[in-house]
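Colleague: I would like to learn how to read a few features of a protein model. Could we go through them one at a time?

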Amino acid sequence: MHPTRTRGSVRTCVLLAALLASTPAVANDLAQRIKAAFLYNVAKFVDWPHNEGDFHLCIQGAPDLAQTTRSELSGKQVRDRPLVIREQVADVLDCAIVYLGHELEDAAIVATLRTLRGRPILSVGEAPLLISAGGILRLKQAQGKLRFEVALEPVEESGLRISSKLLRLAEIVPHPTGPSP
Amino acid sequence: MRASRYFLMIGLGSALTAGAAAQAGLPEDLTELSLEALLDIEVTSVSKQAEALADAAAAVYVLTGDEIRRSGAQTLPEALRLVPGLHVARVDGQRWAISARGYNGDVADKLEVLIDGRSIYSPLFSGVFWDAQDVFMPDLERIEVIRGPAATLWGSNAVNGVINIVTKAAADTQGLLTYAGGGDELQSFAGVRYGDQIGEHGAWRAHLRHWERDAIRTTDAERAHDGMQMTHVGLRADWAPADHSQLTVIANGYQNGLQNFDPALNPNGDDNKQSGANLLARWSRLLDDGARLSLQLFWDHTERTQHGTFGEVRDTWDLQFQHARDWGARHRIVWGAGYRLSRDAQDNPPLIVFTPAERTVRSANIFVSDEIALRPDTDLILNARLEHNDFSDADIQPSIRLRHALNPRTTLWSKVSRALRLPNRLDADVLIPLPEVGARGNRDFQPEESWSYELGMRHVLRDNLIVDIATHFTAYDELRGVEPASAPDIPLIVNNYTAEASGVEITSQWQASPTLKLHLAYAYLNLDLEPQADTADVQTEAAENQAPRHQAWLRWDWDPSPRWQVGGQLRHVSALADFELPGYTELDLQIGWQWQPNWQLALTGQSLLNPSHREWGLASAVERSVFLTFTWTPGAL
């Protein structure tokens, strides 16, 4: 948390309010921080075909995670590219990683994944239907610890390459070939 | 606003994050950790708070395995003492009376209890024989207690609540763990467990344990003949092949011996014995559409001998099926069906006779539950269960729950439910053939019924200070009583009582510092029984004085230094007028020393404040007890 240069009490009050509002998030804090650190690791272990410009990590429908990710990962770099965290973007095609969070409706998740199909963009989320709708990496919990599933078929279509260091810790799941929900 | 306010804010901000990280012993910057290390961090205690913040829709309490180990509890009933809202009373050296919201007694029949999904209540009297239950305590994952009707998802015994005892998955109990110890009341105990992998996708473990307890002193300082010993062996295997299926197989066997002496019924002083074996298999699969399918089958064989009074051999088979799926964006529907068959053969010693001596009781049920996200901050949960057994017609047990997040710190919930306690062998087939003071079963006995109205709130007061308040009002009808009769007639068991129970349960937990966690709880219960209009039974009303009006618990987990742990509990139970039992306050304490990385030494004291005190009934007492435990966990061999 950096001291912000202030010009008046309004700015201070806003910061104070933001801090107090975020206080109960401390209960979620560790889980969110682990997810944020995990997303950073994922960025390190995946190869994108083009490596120029800012690296955009876009978080849709998960304001808590976006806030935590900003504070955990600000100023970091991915493959010498500055890491930029964006929230609720209109055009996901600009992103390197798209995280589809719990506030999104299933229909929105399915539509976004359809847009991302075949593109070098890593789709991440937690919704049960993520993989069957064409997503690549799904976070979950088992025995109180963070776990994740990876579907390989959409990865091949996308042009991304996932390092074996990441894959061997993943649960590889089949991407269903039947109709999506 | 001045600069000093700024620094206060910044200080507060970093204190919050530092506090959270310090608790778990993690670095400030989690990205420093390797991927493996990240995936190894326990999120449970934190996310369960987060989950529970959103999901507090019933009076649910979760006791973690860690909290149980720190308390020094060596058996299941001792662990249940840690749960606020449960009335746990030690009757004597062998027996316990455990219930929630009144209706306790060692034939307490309104609480469903499960160990790893296997129901342990006896279909004979819908209660639990606690002296025949045991688990490998260090391998307990958690105990969940739902106080209040949970009949819809868990069964027709769950009128006043459900206790769900869960052991760790085999993958979390690998390698060797062994412990041994002794003391004055808990005279000797030892156990060993070893676990290993099965290929790449599975794991197994096996355990053996044994303990012996000394007899308790009665209130007139005589030695009661109620010592006991227990031997328990078990095996668990979990297997998860890559196609999203999981198979769990759990097998247990036990034998115990209970001291017994009665000049009339057992003058030789032969031990009472119980033994049994059980096998459970559970298969679960995640389907392509995100739905989860589960199938569970268990078989439970028990043999019980109580010289002169009771003897039984019983086999229970239970098959359950469940399907859970999200429907659209707003609905999560769980539905399922189950079938249970329980066959018994009674010894029928002269004093308590069951007619017929052998009977097979079948019960079947079907249930459905819909969790509806009305709005992002409001959920509605509708449940319905249809159940019948050989003694009763099919009847429906519905419930409605509403929960609303008032703000990020506060959740309100309310619940209305109907629950039934279906008739059992005791109600229908028993005969205590004594004119005027005995009892005979009634084939027309109806299910006991309750309507319960609950309202609660969970509030996060400050960082890591959480308070839960649950209020309840329950109206009971068709409760079991006994219709008086004059000699030579034997009184008949009938549905002749109603009751009203109301109460409040307040629980709070406070992480006072990274090394000290406090739990403070209070429960108030007012139970009022009334005979129905057409009965002459005035004896049954006494049950309202067997429920404590007030109970309070103060529990702490303290780490004074990295290698020392101090855990303890102060508990208070108010008077039980029916037993002329004054209220009591007691202290349990455990001091643990991590002497070497793989060695732990613990000194435990139970009921330390009084040399002995009574908790239930008129005769026996619970004595002060101290014991020492060595635990060695070399891990993989």
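Colleague: Is Asp429(B) buried or exposed?

Modeller: This is a predicted model, and in it Asp429(B) has a relative accessible area of 2%. Buried means under 20%, so Asp429(B) counts as buried.

Colleague: Which side chain does Asp429(B) meet in a salt bridge?

Modeller: Its partner is Arg425(B), at 2.8 Å from N to O. Both residues belong to helix H7 of chain B, where they are four residues apart, about one turn of the helix. Arg425(B) is buried as well, with a relative accessible area of 1%.

Colleague: How many salt bridges does the structure hold over all chains?

Modeller: There are 41. One of them joins Arg418(B) to Asp395(B), at 3.1 Å from N to O. That pair links distant parts of the chain, since Arg418(B) is in strand S21 of chain B and Asp395(B) in strand S20 of chain B, 23 residues apart. Arg418(B) is buried at 12%, whereas Asp395(B) is partly exposed at 25%.

Colleague: Where do Glu615(B) and Arg571(B) lie?

Modeller: Take the contact before the places: their side chains form a salt bridge of 3.6 Å, N to O. Glu615(B) is in the loop between strands S32 and S33 of chain B, and Arg571(B) is in strand S29 of chain B, 44 residues apart. Glu615(B) has 2% relative accessibility and counts as buried; Arg571(B), at 4%, is also counted as buried.

Colleague: Which residues are joined into one network by salt bridges that share partners?

Modeller: The network contains Glu312(B), Arg314(B), Asp344(B), Arg359(B), Arg425(B), Asp429(B) and Arg443(B). The helix H7 pair is thus part of this network.

Colleague: Next, cavities. How is empty space found?

Modeller: A probe the size of a water molecule is rolled over the atoms, and this shows where empty space is left. Here there are eight cavities of 30 Å³ or more, and the largest has a volume of about 310 Å³.

Colleague: Which residues lie nearest the centre of the largest cavity?

Modeller: Those are Ile120(B), Gln133(B), Tyr254(B), Asp300(B) and Thr302(B), out of 24 lining residues. Strands S5, S12, S13, S14 and S15 of chain B each give two or more residues to the lining. S14(B) gives the most, with five. Sorted by class, the lining has seven nonpolar, nine polar and eight charged residues.

Colleague: What makes the nonpolar surface patch?

Modeller: The patch covers about 950 Å², and its residues include Trp239(B), Val249(B), Leu295(B) and Trp317(B). S12, S13, S14 and S15 of chain B each supply at least two of its residues. Val249(B), for example, lies in strand S12 of chain B and is partly exposed, with a relative accessible area of 31%.

Colleague: How should I read the backbone angles?

Modeller: Start from the usual case: most residues other than glycine have a negative phi, and most peptide bonds are trans. The bond from Thr355(B) to Pro356(B) is cis, with omega near 0 degrees, and Pro356(B) sits in the loop between strands S17 and S18 of chain B. Another cis bond runs from Ala487(B) to Pro488(B), with omega near 5 degrees.

Colleague: Which residue of chain A has a positive phi near 65 degrees?

Modeller: That is Asp80(A). Asp80(A) is placed in the loop between strands S3 and S4 of chain A, and it is exposed, with a relative accessible area of 71%.

How values were computed: Residues numbered from 1 in each chain as written. Chains lettered and ligands numbered in written order. Predicted model: local features only at pLDDT ≥ 70, side-chain atom pairs only at ≥ 80, totals over all residues. Heavy atoms only, no water. 1 Å grid on protein atoms, 1.4 Å probe; cavity = no way out; pocket = protein on both sides within 12 Å on 5 of 7 lines; lining within 4 Å. Points joined across faces, edges and corners; volume = space filled by probe spheres on them. Nonpolar A, V, L, I, M, F, W, Y, C, P; charged D, E, K, R; others polar. Patch = residues over 30% accessible without salt bridge, like charges linked within 9 Å, V, L, I, M, F, W, Y side chains within 5 Å. Areas by Shrake-Rupley, 256 points an atom, 1.4 Å probe, with all protein chains shown as cover. Salt bridge = Lys/Arg side-chain N within 4 Å of Asp/Glu carboxyl O. Buried < 20%, exposed > 50% of the residue type's maximum accessible area, 1.4 Å probe, protein only.
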